[in-house]
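Please consider the model shown below. The paragraphs that follow take up selected helices and residues before turning to the chain as a whole.

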Amino acid sequence: MELLEEIIETTTNDGEMAILVKQPAVPPVGGGAWPTVVIFHDGPGIRNATHTFMAKLADEGFCVICPDLYHRQGRLLGINPEDRAADPSLGEKMRTWLMSLHDDGIQHDFDCALSATGADKADRLAVLGFCLGARAVFRSMMRMPDRIVAGATWHPSFLVDAEPDSPHQTAANLAQPLYIGIGTADQVQSIAMHQRFFDVVEPLANVEVEIFDGADHGFTWPDHPTYNDAAAQGCWDKTLALFNATLR
């Protein structure tokens with residue numbers, strides 16, 4: 001499918017922010033707009049793999065939006081695997097970017113992205129997050145239960161912390177369907193680190209936690225050393241089915 005790919009610029013309370021948008025170039029049969037999915041990127045930022053994944057999802061008939069969450073540090077920052085291999089110091093730079101993020105800032109950026117792209121007029125949205133994006137998925141679903149109809153997180157991070165507002169403290173109240181895919185070999189954010197969240201949502205029929213044997217953190221990305229085809233395909237199939245069922 002031919003895609004329309006653009007970068008939209010908007011203003012936040014912390015300066016300018018770029019927003020990636022990819023969607024089919026022609027409208028759906030019968031008119032209207034393609035259903036909207038907002039992606040929260042992971043630690044390495046917006047890079048080649050991000051563009052490839054967005055295009056793959058857009059090709060399934062979605063308008064895919066990805067705000068540049070690192071805009072406070074620079075415009076469209078991203079680290080490809082080959083960049084990090086050539087310069088290991090980029091790992092520390094990525095951690096600096098990562099630690100600069102906070103819930104309120106991400107949700108503000110999310111709202112700005114919806115407004116700038118016109119997605120704030122859509123009555124139904126889905127959200128998808130990788131790594132740190134998992135927490136953003138949860139926060140946005142809890143904040144907008146009437147508009148965000150589904151969420152998915154792959155190799156999640158930061159679903160449990162020691163603060164009173166840790167996601168696991170309110171996860172029992174999640175009403176929308178949420179899919180979580182995680183690997184047994186995750187060395188960055190292990191299953192044990194999320195166990196309190198998983199225990200809370202285990203009784204919920206609307207939440208599925210799928211565990212992939214041998215999959216490590218970042219298993220989504222074919223160009224990354226931890227890519228795991230079984231986990232990536234499994235998450236893709238479940239997420240695509242969920243979004244088709246809730247958005248169409």
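Helix α4 covers residues 103-117, and its 15 residues should span 21 Å at 1.5 Å a residue; the end C-alpha atoms are indeed 21 Å apart, so expectation and model agree. The model in question is a predicted one. Within α4, the buried residues are Asp-103, Gly-105, Ile-106, Gln-107, Asp-109, Phe-110, Cys-112, Ala-113 and Leu-114. Just after this helix, Gly-118 adopts a positive phi of about 85°.

Two of the buried residues of α4, Asp-103 and Gln-107, reappear among the contacts of Arg-139. Arg-139 belongs to helix α5, which comprises residues 133-143. Leaving aside residues up to four places away in sequence, Arg-139 touches Asp-103, Gln-107, Asp-165, Ser-166 and Pro-167. Is this arginine buried or exposed? The relative accessibility of Arg-139 is 15%, and buried means under 20%, so Arg-139 counts as buried.

The backbone offers further points of detail. Most residues other than glycine have a negative phi. Cys-131, although not a glycine, has a positive phi of about 55°. Cys-131 lies in strand β5, residues 125-131, and counts as buried because its relative accessibility is 10%. Phe-158 is likewise a residue other than glycine with a positive phi, near 65°. Phe-158 is found in a loop, between β6 (148-156) and α6 (167-170). With a relative accessible area of 31%, Phe-158 is partly exposed.

Strand β8, residues 207-212, contains Ile-211. The relative accessible area of Ile-211 is 46%, and this residue is therefore classed as partly exposed. Beyond residues up to four places away in sequence, Ile-211 touches Ile-182, Thr-184 and Ile-191. Ile-191 is 20 residues from Ile-211 along the chain, and the C-alpha atoms of the two are separated by 8.7 Å.

Strand β8 also enters the account of helix α8. For the 19 residues of α8 (residues 229-247), a rise of 1.5 Å a residue gives an expected span of 27 Å; the end C-alpha atoms are 26 Å apart, which agrees. Which residues of α8 are buried? They are Ala-231, Ala-232, Gly-234, Cys-235, Trp-236, Thr-239, Leu-240, Leu-242, Phe-243, Thr-246 and Leu-247. The cover over these buried residues includes the strands β3 (36-40), β5, β6, β7 (178-183) and β8, together with helix α1 (48-58). Among these elements, β5 is the strand in which Cys-131 lies, and β8 is the strand that holds Ile-211.

These local features may now be placed in the whole chain. The secondary structure amounts to eight helices and eight strands. The radius of gyration is 17 Å, close to the 18 Å that the globule rule gives for 248 residues, so the chain is as compact as a globular protein of that length. Along the principal axes, the C-alpha trace spans about 45 × 45 × 35 Å. Of the 248 residues, 55% count as buried. Among contacts between residues at least 6 apart in sequence, 74% join residues at least 24 apart.

The surface and the charges complete the description. The accessible surface of the chain comes to about 10700 Å², and carbon and sulfur atoms account for 53% of it. The chain carries 17 positive and 34 negative charges, whose mean positions are 3 Å apart.

How values were computed
Residues are numbered from 1 along each chain as its sequence is written. This is a predicted model: local features need pLDDT of at least 70, side-chain atom pairs count only at pLDDT 80 or more; totals for chains, interfaces and linings use all residues. Side-chain values use heavy atoms; hydrogens and water are left out. Helices (H or I, at least four residues) and strands (E, at least two) are DSSP runs, numbered from the N terminus. The radius of gyration is taken over C-alpha atoms; the globule rule is 2.2 Å times the number of residues to the power 0.38. Buried means under 20% relative accessible area, exposed over 50%, partly exposed in between (1.4 Å probe, protein chains only). Contact means heavy atoms within 4.5 Å. Accessible areas come from the Shrake-Rupley method with a 1.4 Å probe; for residues, only the protein chains shown count as cover. Lys and Arg count as positive and Asp and Glu as negative; His and the chain ends are not counted. The place of a charge is taken as NZ of Lys, CZ of Arg, CG of Asp or CD of Glu. The expected span of a helix is 1.5 Å times one less than its number of residues.
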